[in-house]
Amino acid sequence: MDDVFSAAANRLTIDLQALADNWRQMKARSGRARAAAVLKADAYGVGIEAAAETLYQAGARDFFVANAEEGVNLRPLVPEGRIYVLAGLWPGIEPLFFENGLVPVINSEEQLAFFMAALSEHGEHPCVLHVDTGMNRLGLSLDEAMALASDPARPASFAPMLVMSHLACADDPAHPLNGQQLEAFRTVRTAFDGVEASLANSAGIHLGPDYHFDLTRPGIATYGGEAVNGMANPMTPVVTAEARIIQVRSVAKGGSASYGATATFARDSRIAIASVGYADGYHRSVSGSGVTLRQAQPSGAHGFLHGRKVPHVGRVTMDLSLFDVTDLPETSVRAGDYIELFGRNIALDDVARAGGTIGYELLTSLGHRYDRAYIEADTEV
C-alpha cells in the first residue's frame, strides 16, 4: 500500500475480484439469459474505469448507463460492448449517440418522434423500447406500446433491438405488483415478436426464471449491496470505507459531545473523532442522536475498530464523526488509526438502514475526499 493511501484522511478499498465474482454469481442466477453490467453513477461510486474494465474482462458485453455523457466515457473501455443509455435521446446530443455507438432507450412518444427524425438524417441506428408496466416512472404506456407494435405505418427503419421494463417491487418477492408487471410485460414481448426482452434488475433475478427473459440487469448486487428485503445478502462486499482518527479524548460521566449536546454519557467514556462527515457522503442521518426521527432507530450507525463494533455518537458534522471506544482497551486506540465505516466488517446496508436510506444512496454519494486503492481481479472468463 503506497504512502499516500496510508496517510489519507479518508480511503476506499475497492475489491475488483469481489466485483467480478458478484457479477458472475448474478450471471449464473440469470440462467439462460445474458447478464448486463450497470455502470451508471460512476459505477455506483466504485469508479467507472476500473469497474468497466473488470466486468468487460469477466465477460460482460451489455452495459447500462444513465446518460449519454456516461456512455461516451464508457465507450473506449468496452470497445465491443453494447452501451444502452437509460435517459434516451434528446435534441442536441445526437452526435454523441451516432459517433460513439450508443443505444438510446426510448422512454416516451416524444423521444420516439425525435429518434425517428434523427434516423432520417443519420441513417439506421439501434434503440431500446422502454414500456411502463406499472412503475409509473419512465416508459411508453402499455396502450402506446401495443399501438406502436400494430401500427402498419411504422417505418421499417424502426427496429428496436430490445424491449424492456422495470420492476417496482421486486425487493419484496410477495408483492402482487410483481406478477402484474410480469403479465403486462409478457403481452408486450408477444407484440414485439422476435425482439429480445429485459425485465429483471438485481432483485428481479431472485424472483426466478419467469422474470429473466433474454437479458438481466443486475445493479446493486454486483457492487455487494442487498437486493431483496429480509433475505441474507449472498454477495461479497466490494467497497470498504475507512476514516482516520484525528484525536481520542475522554469525557466524564454526565458530559456531552457534538452539536446540540445530543450525545450524553452515563459513564466516564472515551470517544474517537474521525475525519469523515456528511461532506464525504457519510450522511448526517446515521448520527447516534440529535437528528429528526432518530427515535425510529435509536442506535445510529457503528464503525469497526480493532476487532470490535463501536457506536457512532452525537451528530455527524460536515467533516467529523464521533465513535464511542470506551469498551476497547485504553491503549489500543490512537490518533492515526483507521476506523471502518462500512465494508468487510460493517455491512453497507446496515449503515444505510441506520440512516433511514438504502445502500445505493450511501455508495453513490461518497464524496471526492477519499483516496482509492484497488484490489485487482483475476477476470479470465
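Tyr44 sits in helix 3, and a good way into this predicted model is to look at its backbone. Its phi is positive, about 55 degrees, even though Tyr44 is not a glycine. Most residues other than glycine have a negative phi. Tyr44 is also buried, because its relative accessible area is 6% and the cut-off for buried is under 20%.

Phe213 has a positive phi too, about 50 degrees, and is likewise not a glycine. You'll find Phe213 in the loop between helix 10 and strand 10 (215-216). With a relative accessible area of 16%, Phe213 counts as buried.

Back to Tyr44, since it leads us to the largest pocket. Which residues lie nearest the centre of that pocket? They are Lys40, Tyr44, His166, Asn201 and Tyr360, out of 36 lining residues. The pocket holds about 850 Å³ of space. Four helices each supply at least two residues of its lining: helix 3 (40-44), helix 10 (202-206), helix 11 (348-354) and helix 12 (359-364). By class, the lining of the largest pocket breaks down into 19 nonpolar, ten polar and seven charged residues.

Now for the closed spaces. Rolling a probe the size of a water molecule over the atoms shows where empty space is left. Here that gives two cavities of 30 Å³ or more. The largest cavity has about 50 Å³ of space, and its lining includes His206, Ala221, Glu226, Met231 and Pro234. Seven of the residues lining the largest cavity are nonpolar, three are polar and one is charged. The second largest cavity comes in at about 30 Å³. Its walls are made by His130, Asp132, Met135, Arg137, Leu138, Ser165 and His166, which split into two nonpolar, three polar and two charged residues. His166 may ring a bell: it was among the residues nearest the centre of the largest pocket.

Let's step back to the whole protein. It has twelve helices and 19 strands, and its C-alpha trace spans about 80 × 45 × 40 Å along the principal axes. Of its 381 residues, 52% count as buried. Among contacts between residues at least 6 apart in sequence, 67% join residues at least 24 apart.

What about the nonpolar interior? The largest nonpolar core has 110 residues, and Leu39, Leu74, Leu341 and Phe342 have the most contacts inside it. Helix 4 (residues 48-58) gives the most to this core, with seven residues. Apart from it lies another core, made of eight residues, including Val251, Ile271, Ile273 and Leu322.

Phe342 is worth zooming in on. Leaving out residues up to four places away in sequence, Phe342 touches Val239, Thr240, Ala241, Ala347, Leu348, Val351, Leu362, Leu363 and Leu366. Follow one of those partners, Thr240, and you land in strand 11 (residues 239-251). Is Thr240 buried or exposed? Thr240 is buried, because its relative accessible area is 3%. With the same neighbours in sequence left out, Thr240 touches Arg11, Leu12, Thr13, Glu340, Phe342, Gly343 and Arg344. In the case of Arg344, its backbone nitrogen lies 3.3 Å from a polar atom of the Thr240 side chain.

For contrast, try a couple of loops. Arg32 is found in the loop between helix 2 (16-29) and strand 2 (34-35). Arg32 counts as exposed, because its relative accessibility is 87% and the cut-off is over 50%. From Arg32 to Thr317 is a stretch of 285 residues along the chain, and their C-alpha atoms are separated by 48 Å.

Asp327 is in another loop, the one between strand 17 (321-324) and strand 18 (338-342). At a relative accessible area of 48%, Asp327 is partly exposed. Which residues is Asp327 in contact with, leaving aside its neighbours within four places in sequence? The answer is Arg267 and Arg308. With Arg267, the Asp327 side chain makes a polar contact, side chain to side chain, at 3.0 Å. Asp327 and Ala87, meanwhile, are 240 residues apart in sequence and 50 Å apart in space, C-alpha to C-alpha.

Methods: Residues numbered from 1 in each chain as written. Predicted model: local features only at pLDDT ≥ 70, side-chain atom pairs only at ≥ 80, totals over all residues. Heavy atoms only, no water. 1 Å grid on protein atoms, 1.4 Å probe; cavity = no way out; pocket = protein on both sides within 12 Å on 5 of 7 lines; lining within 4 Å. Points joined across faces, edges and corners; volume = space filled by probe spheres on them. Nonpolar A, V, L, I, M, F, W, Y, C, P; charged D, E, K, R; others polar. Core = buried A, V, L, I, M, F, W, Y, C linked by side-chain atoms within 4.5 Å. Buried < 20%, exposed > 50% of the residue type's maximum accessible area, 1.4 Å probe, protein only. Contact = heavy atoms within 4.5 Å. Polar contact = N/O pair within 3.5 Å; in protein donor to acceptor, adjacent residues only side chain to side chain.
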